[in-house]
Amino acid sequence: MGVLNRRSVLAVGLSSLAVAGASMSRVRPFSAPDPGNIFYETGGIANTTVYRDFTGRTTRSLAINGSEDTLIMICAGQSLSTDLITDTFSPTNGTKLDNYVWFNGTNWAAQDALLGTSWNGSTATSHNFNFRVADGIISNGKFDRVIIVPVALSGTTVNLWVNDFVGEPTGYYRMVQTAIKKLKAQGITGTTTGVKWLFKWNQGESDTQQSTTQGNYTTDWNKLKALVSVDLPQMKFMIAKETRYIGNNSAAVQAAQAAAVNGVDTFVGEDMDSIGAGGREGDDTHLNATGGNSAATMGIAAITAITF
């Protein structure tokens, strides 16, 4: 979970997207149009990189059935929203669960590990609790189909999501903008019949570590919200209460997260800080399988309560 104070970041086009890893392997573009350059980290955060192995995956059409309710769920934030949970999961509604890849515009049948976010290094046990959330909101009838767009990166503060630092451009908001622009170019917009959009934010531990003030967190959250909304004003937001770092919570960050909720376009997410040590790994920060299940239950309830 530790935050790297200095990051080596590379701005590249989709034609040669550099990704973290010793070999500096490159992801080649598919047919989706490239909306512009992407700023992407090299060197890894918390010794992880986004999962990008398409071997054995099943492609899935992006065609929208206007008679169904489809949710595009962009899952952003840090470790707890990535594939870092050690667990396995077999969804009930697999034929209705998609995994859209932000960096090349491809769409796949969702399976662990989800593509496009940090993972734990084991394809057999890397799990993302948002996968369970997506399955749950189909099972309870809230939506008929969910397209999951994972973009979370381990070890990131909210500030790293909104700022392109001089000499060290990060601006992880660009992953979100890229996903939105690609989906729009592929015919799925904020006004597509049957489609709703949700930006799901699970982040805060690194800001506890950095002693971020309530005011600074609020400022950066508002920037992030604006950067996401500029390409899709119909977006709804869900922000979790999430600050627990090595067993400690931040009242300042919790207050900022609570204040962001307005009940109009921004809604309350999971109370991740309610998950105690029994739901955490030994670092008392990251979720274990029990904690992941608890988070999924809260996530299902939170999304179900939103009027889209």
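This report walks through a predicted model of one protein chain, from its overall make-up to its central sheet, one helix pair and a few unusual backbone spots.

**Overall make-up**

The protein chain has 308 residues, and 58% of them count as buried. Its secondary structure comprises 7 helices and 15 strands. Contacts in the chain often span long stretches of sequence. Among those between residues at least 6 apart in sequence, 78% join residues at least 24 apart.

**The seven-stranded sheet**

One sheet has 7 strands and is open. Its strand order is 8-7-10-5-13-14-15, and the pairing is mixed. Strands of a sheet pair through backbone hydrogen bonds, either parallel or antiparallel.

Which strands stand at the edges? They are strand 8 (107-109) and strand 15 (266-271). Each has a single partner strand, so one side of each is left without a neighbour in the sheet. The sheet is also twisted in the sense that neighbouring strands are turned by 25 degrees against each other on average, direction ignored.

Four of the strand pairings are listed below.

| Strand pair | Direction | Bridges |
|---|---|---|
| Strand 7 (residues 97-100) and strand 10 | parallel | 3 bridges |
| Strand 5 (residues 70-77) and strand 10 (residues 145-150) | parallel | 6 bridges |
| Strand 5 and strand 13 | parallel | 8 bridges |
| Strand 13 and strand 14 | parallel | 4 bridges |

Individual residues show how the strands line up. In strand 10, I148 is the bridge partner of N99. Also in strand 10, V146 is the bridge partner of L71. L71 stands opposite K196 in strand 13 as well. Further along the sheet, L198 stands opposite K236 in strand 14.

**Burial of strands 10 and 13**

Is strand 10 enclosed or open to the outside? Strand 10 is largely enclosed by the rest of the structure, because 6 of its 6 residues are buried. In a regular strand the side chains alternate between the two faces of the sheet. For strand 10, both faces are covered. R145, I147 and V149 are buried on one side. V146, I148 and P150 are buried on the other. The buried set thus includes V146, the partner of L71, and I148, the partner of N99.

Strand 13 is mostly covered too, with 7 of its 8 residues buried.

**Helix 5 and its neighbours**

Helix 5 meets both the sheet and another helix. On the sheet side, helix 5 lies across strand 13 (195-202), strand 14 (236-241) and strand 15. Helix 5 runs at about 155 degrees to strand 13.

Its helix partner is helix 3. Helix 3 (residues 173-185) and helix 5 (residues 214-229) pack at an angle of about 20 degrees. Their axes are 9 Å apart. That angle is under 35 degrees, so helix 3 counts as roughly parallel to helix 5. The crossing of the two helices is right-handed.

Which residues make this contact? Helix 3 contributes Y173, V176, Q177 and I180. Helix 5 contributes L224, L227 and V228. By class, 6 of the contact residues are nonpolar, 1 is polar and none is charged.

**Unusual backbone spots**

Three places in loops deserve a look in the viewer.

A cis peptide bond joins D112 and A113, with omega at about -10 degrees. A113 sits in the loop between strand 8 and strand 9 (126-127). Strand 8 is also one of the edge strands of the sheet.

I246 has a positive phi of about 50 degrees, although I246 is not a glycine. This residue is in the loop between strand 14 and helix 6 (251-260). Is I246 buried or partly exposed? I246 is partly exposed, because its relative accessible area is 49%.

D284 also has a positive phi, near 55 degrees, and is a residue other than glycine. D284 lies in the loop between strand 15 and helix 7 (289-304). D284 counts as buried because its relative accessibility is 18%, under the 20% cut-off.

**Summary of the picture**

Strand 10, with both faces covered, is paired with strand 7 and strand 5. Strand 5 pairs in turn with strand 13, and helix 5 lies across strands 13, 14 and 15. Helix 3 packs against helix 5 through a contact without charged residues.

Notes. Residues are numbered from 1 along each chain as its sequence is written. This is a predicted model: local features need pLDDT of at least 70, side-chain atom pairs count only at pLDDT 80 or more; totals for chains, interfaces and linings use all residues. Side-chain values use heavy atoms; hydrogens and water are left out. Axes are lines fitted to C-alpha atoms, for helices over the stretch in contact, and angles run from 0 to 180 degrees between N-to-C directions. Angles under 35 degrees count as roughly parallel, over 145 as roughly antiparallel, 65 to 115 as roughly perpendicular and the rest as oblique. A crossing is left-handed if the near helix is turned anticlockwise from the far one by less than a right angle, and right-handed if clockwise. Contact means heavy atoms within 4.5 Å. Ala, Val, Leu, Ile, Met, Phe, Trp, Tyr, Cys and Pro count as nonpolar, Asp, Glu, Lys and Arg as charged, and the others, Gly among them, as polar. Two strands pair if DSSP finds at least two bridges between them. Buried means under 20% relative accessible area, exposed over 50%, partly exposed in between (1.4 Å probe, protein chains only).
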